[in-house]
Amino acid sequence: NNCKMSYLSYSKIRPFLIGILAIGVAYNLYFYREDVKMEKIVPQSFVVVEQYCRASKGSSSINIEYNGNLYSVRLANGECLKYPVGAEIKLVYNDTHDYFYKQDGLAKASFRLFFFSFLLLLSTIPWDRLLKKKRK
């Protein structure tokens with residue numbers, strides 16, 4: 001009886017899950033394409049004005065100043081430590097979306113796109129039918 005209840009719950013939320021993951025894939029595909037453009041631009045040097053590196057898991061970042069505004073650039077923990085206050089960092093500015101990009105050979109964008117696409121693929125497989133056939 002409990003199995004039936006969880007199956008009903010999953011079957012009801014599955015279309016929403018697929019929809020959310022499809023939006024995630026579209027969003028990540030769009031920004032992957034933006035990052036492809038950003039990889040082709042010659043980066044400029046900016047001075048780090050603030051550094052927020054976490055020793056544990058979590059989001060690390062540095063802040064830079066550009067046109068009188070403070071911008072936060074998220075970095076991996078180990079990468080963050082390489083840029084103390086006063087250090088120079090090479091970045092590309094995306095004026096369309098008003099953010100800075102640190103060139104990484106599309107590593108982050110590729111991983112995010114693959115991850116969301118993989119989850120979307122998994123969510124479209126009719127697991128209930130496949131598992132029923134194996135049980136018989």
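## A walk outward from asparagine 63

Let's start at one residue: asparagine 63 sits in strand β2. What you're looking at is a predicted model, so to speak a computed picture of the protein. In that picture asparagine 63 is buried, with a relative accessibility of 8%, and the cut-off for calling a residue buried is anything under 20%.

What does asparagine 63 touch, once residues up to four places away in sequence are set aside? On the list are Val47, Val48, Val49, Glu50 and Tyr52, together with Leu70, Tyr71 and Ser72. Take valine 48 as an example: 15 residues separate it from asparagine 63 in sequence, yet their C-alpha atoms are 5.9 Å apart. Another of these contacts, glutamate 50, is also the bridge partner of asparagine 63.

That bridge is part of a bigger pairing. Strand β1 covers residues 44-52, and it runs antiparallel to β2, with four bridges joining the two. Now look at how β2 pairs with strand β3, residues 69-75: the sense is again antiparallel, and here there are seven bridges. One of the pairs to look for is serine 60 with leucine 75 of β3. Between β2 and β3 the chain turns back in a hairpin with two residues between the strands. If you check the backbone there, asparagine 67 has a positive phi, near 50 degrees.

So how enclosed is β2? The strand spans residues 60-66, and because five of its seven residues are buried, β2 is largely enclosed by the rest of the structure. Serine 61 is another residue in this strand. Its relative accessible area is 11%, so serine 61 counts as buried. Skipping its neighbours within four places in sequence, serine 61 is in contact with Gln51, Tyr52 and Cys53, and also with Ser72, Val73, Arg74, Leu75 and Cys80. Tyr52 and Ser72 are on this list, and they turn up among the contacts of asparagine 63 too.

Time to leave the strands and visit a helix. Alanine 22 belongs to helix α1, which takes in residues 2-39. Is alanine 22 buried or partly exposed? With a relative accessibility of 35%, it counts as partly exposed, a label for values between 20% and 50%. Follow the chain 95 residues along from alanine 22 and you get to serine 117, but in space the two C-alpha atoms are 8.0 Å apart.

Now zoom out. The protein has four helices and five strands in total, and along the sequence they come in the order α-β-β-β-α-β-β-α-α. Links between distant parts of the chain matter for the contact count: of the contacts with a separation of 6 or more, 58% are between residues 24 or more positions apart.

What about the overall outline? Measured out along the principal axes, the C-alpha atoms fill a box of roughly 65 × 30 × 25 Å. The radius of gyration is 21 Å, whereas a compact globule of 136 residues would have one near 14 Å.

Last comes the surface. Of the 136 residues, 24% count as buried. The protein exposes about 9800 Å², and 62% of that is supplied by carbon and sulfur atoms. As for charge, there are 20 positive and 11 negative ones, and their mean positions lie 21 Å apart.

Key
Residues are numbered from 1 along each chain as its sequence is written. This is a predicted model: local features need pLDDT of at least 70, side-chain atom pairs count only at pLDDT 80 or more; totals for chains, interfaces and linings use all residues. Side-chain values use heavy atoms; hydrogens and water are left out. The radius of gyration is taken over C-alpha atoms; the globule rule is 2.2 Å times the number of residues to the power 0.38. Buried means under 20% relative accessible area, exposed over 50%, partly exposed in between (1.4 Å probe, protein chains only). Contact means heavy atoms within 4.5 Å. Accessible areas come from the Shrake-Rupley method with a 1.4 Å probe; for residues, only the protein chains shown count as cover. Lys and Arg count as positive and Asp and Glu as negative; His and the chain ends are not counted. The place of a charge is taken as NZ of Lys, CZ of Arg, CG of Asp or CD of Glu. Two strands pair if DSSP finds at least two bridges between them.
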